Amino acid sequence: MKSAKQKAIGIFDSGIGGTTIWKEIKQLLPNENTIYLSDNKNAPYGQKSKEEIVRLSKKNTEYLLDNNCKIIVVACNTATTNAIKVLRQCYNVPFVGIEPAIKPAAIKTKTNIIGILATKGTLNSKLFETTSSNLESKPMIIEQIGEGLVDLIEKGKIHSKEMKLLLKKYLTPMINANADCIVLGCTHYPYLKKLIKNIVGDTIRIIDSGQAVATQTKKLLENHQLINSNEKECTTTHQFLFNGKSSILEDILTEYRNSITVEQKEF
């Protein structure tokens with residue numbers, strides 16, 4: 001029987017986007033076991049109602065808790081901004097959420113103009129509105145819904161002509177407005193960093209939340225005395241579960257294929 005410290009970190013997202021968070025967590029916490037839930041049957045979350053996002057987030061959380069996870073990482077900006085308050089009220093387990101990295105961007109910007117590329121669900125959420133309005137420097141924020149981007153990523157069309165055209169359409173107004181920081185407000189979007197860099201050039205910073213989320217996960221584990229620090233007893237397991245008809249999880253996790261399992265499940 002596993003001790004509390006040996007239990008897994010539970011991570012969920014609407015698809016493969018949260019794997020960008022998983023990679024950061026694995027790098028920072030190499031002794032931890034993980035269970036990653038890809039609810040790709042219901043992807044994307046960004047166009048769904050708040051009620052539906054809360055329902056799906058509760059379903060995912062309960063599945064991870066049924067599998068003895070000691071902490072839940074909501075590796076989805078849309079689910080965090082719409083559901084994490086409810087999750088914290090309903091379940092007695094530490095939660096780590098993800099917000100668009102507007103605060104770091106506000107600190108780093110020189111032009112005082114920031115672009116944010118995110119889903120409709122994130123940009124329309126109360127949490128995003130509160131975070132944006134509480135910034136001390138009050139930068140100009142150019143919001144852009146990344147409609148269609150998650151769908152293309154989930155279909156493995158990251159380098160498609162359609163993807164490049166959409167990104168150019170979404171990013172050009174930010175470039176023209178003299179934004180010097182672009183915030184990626186969806187965990188899927190770091191997979192587009194190279195494409196974005198090709199469009200915006202080297203003078204614009206691209207900022208995401210991955211490293212900050214991993215750091216917060218470690219902090220919470222330490223605070224709750226749940227961190228698995230005993231290397232001698234550590235044979236880590238990393239389970240990736242998806243519920244859709246197909247998945248590109250294995251493709252994007254090729255470099256980890258010897259240390260992970262990928263399986264279709266009903267949840």
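In this predicted model, Leu117 stands opposite Leu184 of strand β7. The two strands concerned are β5, which covers residues 113–118, and β7, which covers residues 181–185. They run parallel and are joined by five bridges.

The pairing of β5 with β7 belongs to a wider arrangement. Four strands make up an open sheet, and their order across it is β6-β5-β7-β8. The pairing in this sheet is parallel. In general, strands of a sheet pair through backbone hydrogen bonds, in either a parallel or an antiparallel manner. The edges of the sheet are formed by β6 (140–145) and β8 (205–207), each of which pairs on one side only. On average, neighbouring strands of the sheet are turned by 20° against each other, direction ignored. One helix, α9, is made of residues 193–200 and lies across β7 and β8. Relative to β8, helix α9 runs at about 155°.

Edge strand β8 also takes part in the lining of a pocket. The largest pocket holds about 450 Å³ of space. It is lined by 22 residues, and those closest to its centre are Gly97, Ile98, Glu99, Ser209 and Ala212. Several elements supply at least two lining residues each: helices α3 (77–90), α4 (102–108), α6 (126–133) and α10 (210–223), together with strand β8. Helix α4 provides the largest share of this lining, with four residues. By class, the lining of the largest pocket consists of twelve nonpolar, five polar and five charged residues.

The second largest pocket has about 250 Å³ of space. Its lining includes Thr20, Lys23, Glu24 and Gln27, and the largest share, four residues, comes from helix α1. Helix α1 spans residues 19–28, and both α1 and α10 supply at least two residues of this lining. Pro190, Tyr191 and Lys193 also line the second largest pocket, as do Asp208, Ser209, Gly210, Gln211 and Ala212. The lining of the second largest pocket divides into three nonpolar, five polar and four charged residues.

The linings of these pockets have residues in common. Ser209 and Ala212 are among the residues closest to the centre of the largest pocket, and both also line the second largest pocket. Helix α10 likewise supplies at least two residues to the lining of the largest pocket and at least two to that of the second largest.

Methods:
Residues are numbered from 1 along each chain as its sequence is written. This is a predicted model: local features need pLDDT of at least 70, side-chain atom pairs count only at pLDDT 80 or more; totals for chains, interfaces and linings use all residues. Side-chain values use heavy atoms; hydrogens and water are left out. Two strands pair if DSSP finds at least two bridges between them. Axes are lines fitted to C-alpha atoms, for helices over the stretch in contact, and angles run from 0 to 180 degrees between N-to-C directions. Contact means heavy atoms within 4.5 Å. On a 1 Å grid over the protein atoms alone, a cavity is a set of points where a 1.4 Å probe fits but cannot get out, and a pocket is an open set with protein on both sides within 12 Å along at least five of seven lines; lining residues have an atom within 4 Å of a point. Grid points are joined across faces, edges and corners, and a volume is the space filled by probe spheres set on the points. Ala, Val, Leu, Ile, Met, Phe, Trp, Tyr, Cys and Pro count as nonpolar, Asp, Glu, Lys and Arg as charged, and the others, Gly among them, as polar.
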